[in-house]
Every structure is written in C-alpha cells, then in structure tokens.
Amino acid sequence: MASLKTVLYLGVCLSAWIITTADENFAPKEESIHWVSLDFKIVLVWTTIPSDYKYSVLYSSDDSVWKQSHCIRISDSECDLTEELKPLDRTYTAIIRTEPDDDNDYDYDPDVSHDSKSPSFNPYRESNISVVNFNVVVVNENSVIVNITDPLSGEHDTGRQLSIRDILKKDLKYKISYYKSGSTGKRDIISNSTTAEVSKLDAGQIYCFMVAAFIPSRPKSTQLGPWSIQQCTPGDVYVLQELSLAACIGAVFILLTVLVIIVTVTVLCCRRRRQRNTFQSSAPV
Ligand SMILES: *[C@@H]1O[C@H](CO)[C@@H](O)[C@H](O)[C@H]1NC(C)=O
Ligand SMILES: *[C@@H]1O[C@H](CO)[C@@H](O)[C@H](O)[C@H]1NC(C)=O
C-alpha cells in the first residue's frame with residue numbers, strides 16, 4: 001500500500017516536472033513577446049530558447065480569424081510584419097506557434113506545438129517616431145524659418161517609400177522649443193507643417209531651437225517624439241561686421257604708429273650723425 005502511494009506520488013511529481021519543464025523550454029513566455037516599431041516599421045520580437053524549435057507567426061485584428069504571416073517555421077526570434085499589418089489603424093494580436101524541429105512538412109500537430117499570444121498593438125497609434133532633422137534659415141534680424149524634414153517611414157506604396165506625414169497626415173504636428181542664448185526661459189510653438197516661421201526675435205541675439213514630432217491624437221504619454229539636437233542661429237552678422245571694421249581701423253592705426261616711430265628714429269639718427277660730422281670737420285687738423 002505504502003509502495004503504491006510512493007509510486008503514485010513519484011508519478012505525479014514526474015508529470016508535474018515534465019509539464020513545467022515542457023512549458024519552460026518549449027515556447028516563448030507571453031511576457032517575453034513584444035512589438036518593436038519605429039516610423040511604422042513593425043517587428044514582433046520574442047526570446048528563443050537555444051534548442052531545436054521552429055516558430056510560426058499568425059496575426060489577427062479581431063482575435064478570431066488568424067492569418068498566417070510570411071514567418072513560417074523560422075528559427076529566428078523576430079518577424080517583420082510591416083508588409084502584413086494593414087490597415088495600420090487597427091489593433092493586432094499575434095500568435096507565436098512553437099513546434100519541435102523534427103519533421104520537414106508543415107503539419108500543425110496540436111499535441112506537440114504550443115501557442116503564445118503577444119500583447120495587442122496598434123501601429124498607427126503606438127509606433128515610435130524617430131528624431132527629426134531640421135535646419136534654421138535666417139530670414140531677417142527678427143525672424144527665422146525652422147525647416148523640418150519629415151522622417152521616412154518603413155511603409156512603401158507602389159515602390160515609393162512613404163514619409164511619416166504620408167501616413168499620419170493632419171495628425172502629425174511638430175513641437176518647436178527655442179530659447180535665447182544666455183537666458184533660461186523657453187518658448188514652445190506647435191507647427192502643423194514642415195516649415196514654421198518664428199518671428200519677434202531680438203535682433204543681434206543667438207537663438208537655439210529643438211524640434212520633436214508631436215501627435216496630439218495619441219495618449220498624452222506618447223504624444224511627443226524624441227527631441228532633436230539643438231541648432232542655433234549664427235548670432236548677429238552686423239556685430240561681426242562691426243567687429244571686423246574695428247579690427248581694420250586698429251590695424252591701420254598700429255601700422256601708422258609703427259611708420260611714425262620709424263620715421264622719427266631715422267630723422268633723429270640722421271640729425272645726430274650730421275651734427276657729429278659738422279663737429280669733426282670744424283675741429284683743427
Ligand atoms: C517606443 O520607445 C520606448 C522608449 O524607448 C520603448 O520603451 C517602447 O518599447 C517603444 N515601443 C515600440 C512599439 O517600439
Ligand atoms: C528646407 O530643407 C530642404 C532640405 O534640407 C531644402 O531643400 C529646402 O530648400 C529648405 N527650405 C528652405 C526654406 O530653406
């Protein structure tokens with residue numbers, strides 16, 4: 001009786017061990033599956049266990065009809081779904097199907113495969129936007145134009161690479177933050193387009209600008225993209241011209257002074273030599 005109990009107990013332990021280890025080694029854990037998306041390039045990433053498993057990715061926008069992606073029985077731990085998740089403004093979920101790498105035919109066998117579900121993801125609302133490039137063009141001493149380049153996206157349309165503005169359209173705005181060099185106050189303006197005129201600047205001052213993509217239709221915490229590196233105006237060109245004019249006058253003045261000294265010294269020398277000559281010739285021989 002006691003031995004039967006031991007055997008039963010062992011059996012339970014063993015099967016529990018098999019189940020847990022199978023679970024641990026078999027499929028990516030749900031929390032280890034995540035979406036990486038920048039400028040609407042969309043990649044599903046998961047952690048693999050270094051063993052002979054193959055992964056297939058299925059996706060759905062309603063959790064009922066699952067479409068097979070182009071990632072079928074791959075050994076990588078990521079799948080680029082940029083071409084497949086369309087339209088962008090839908091919430092998608094993916095399933096990673098893990099199977100042992102033992103037969104070459106693709107036959108789904110529910111006994112040996114295991115599905116893990118990804119978190120849901122809406123590319124239009126959740127894709128990160130990269131750092132923005134821009135330049136500052138001086139218009140006159142009181143205003144500049146901030147000239148922004150829309151980042152290119154991972155999306156293509158009939159061979160043409162779309163910019164993030166082609167995708168976000170009116171939802172894309174830019175936040176421009178600027179300050180006068182030497183002062184701590186910052187001012188922000190929102191621009192609907194890629195060029196923004198900033199006026200009422202103090203003449204002759206250096207101003208520094210930073211730009212970030214701004215999507216007010218998104219949740220507050222993800223509205224703002226990363227800030228660019230700041231770009232400053234060259235400061236007052238008139239001041240520089242005045243400076244160089246002063247430098248010129250200074251140089252001329254120094255030259256004149258040197259000339260006057262040389263002339264004075266020469267004249268003095270000559271006069272003294274002439275005096276000595278006069279004195280020598282008048283002396284009795
Ligand atoms: C967006 O960027 C943040 C911060 O770098 C990161 O934590 C998040 O995972 C990114 N999201 C996507 C979908 O790539
Ligand atoms: C804005 O930048 C682009 C590219 O950098 C350039 O072709 C264009 O002429 C610039 N516009 C202005 C107003 O400077």
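The residues around ligand 1, counted as near when one of their heavy atoms lies within 4 Å of the ligand, are W35, V36, S37, F121, E126 and N128. This is a predicted model, in which local features need pLDDT of at least 70 and side-chain atom pairs count only at pLDDT 80 or more, whereas totals for chains, interfaces and linings use all residues. Residues are numbered from 1 along each chain as its sequence is written, chains are lettered from A and ligands numbered from 1 in the order in which they are written, and side-chain values use heavy atoms, with hydrogens and water left out.

**Ligand 1**

- Taken alone, ligand 1 exposes 360 Å², of which the protein buries 41%; accessible areas come from the Shrake-Rupley method with a 1.4 Å probe, and for residues only the protein chains shown count as cover.
- One oxygen atom of ligand 1 is 2.9 Å from a polar backbone atom of S37, and an oxygen atom of ligand 1 also has a polar side-chain atom of N128 at 2.2 Å.
- Strand 1 (residues 34-38) gives the most to the shell around ligand 1, contributing 3 residues; helices (H or I, at least four residues) and strands (E, at least two) are DSSP runs, numbered from the N terminus.
- By class, this shell has 3 nonpolar, 2 polar and 1 charged residues, where Ala, Val, Leu, Ile, Met, Phe, Trp, Tyr, Cys and Pro count as nonpolar, Asp, Glu, Lys and Arg as charged, and the others, Gly among them, as polar.

**Ligand 2**

- N135, V137 and N147 are the residues around ligand 2, which taken alone exposes 360 Å², with 34% of that buried by the protein.
- The side chain of N147 has an N or O atom 2.3 Å from an oxygen atom of ligand 2.

**The loop residue S32**

- S32 lies in the loop between helix 1 (2-26) and strand 1, and S32 counts as buried because its relative accessibility is 18%, buried meaning under 20% relative accessible area (1.4 Å probe, protein chains only).
- Leaving aside neighbours within four places in sequence, S32 is in contact (heavy atoms within 4.5 Å) with V45, W46 and T47.
- The side chains of S32 and T47 are joined by a polar contact of 2.9 Å, that is, a pair of N or O atoms within 3.5 Å of which, within protein, one must be able to donate a hydrogen and the other to accept it, residues adjacent in sequence counting only if both atoms are side-chain atoms.

**The protein chain as a whole**

- The protein chain has 4 helices and 16 strands, and buried residues make up 33% of its 285 residues.
- The protein chain exposes about 18300 Å², 58% of it supplied by carbon and sulfur atoms.

Terms used
Buried < 20%, exposed > 50% of the residue type's maximum accessible area, 1.4 Å probe, protein only.
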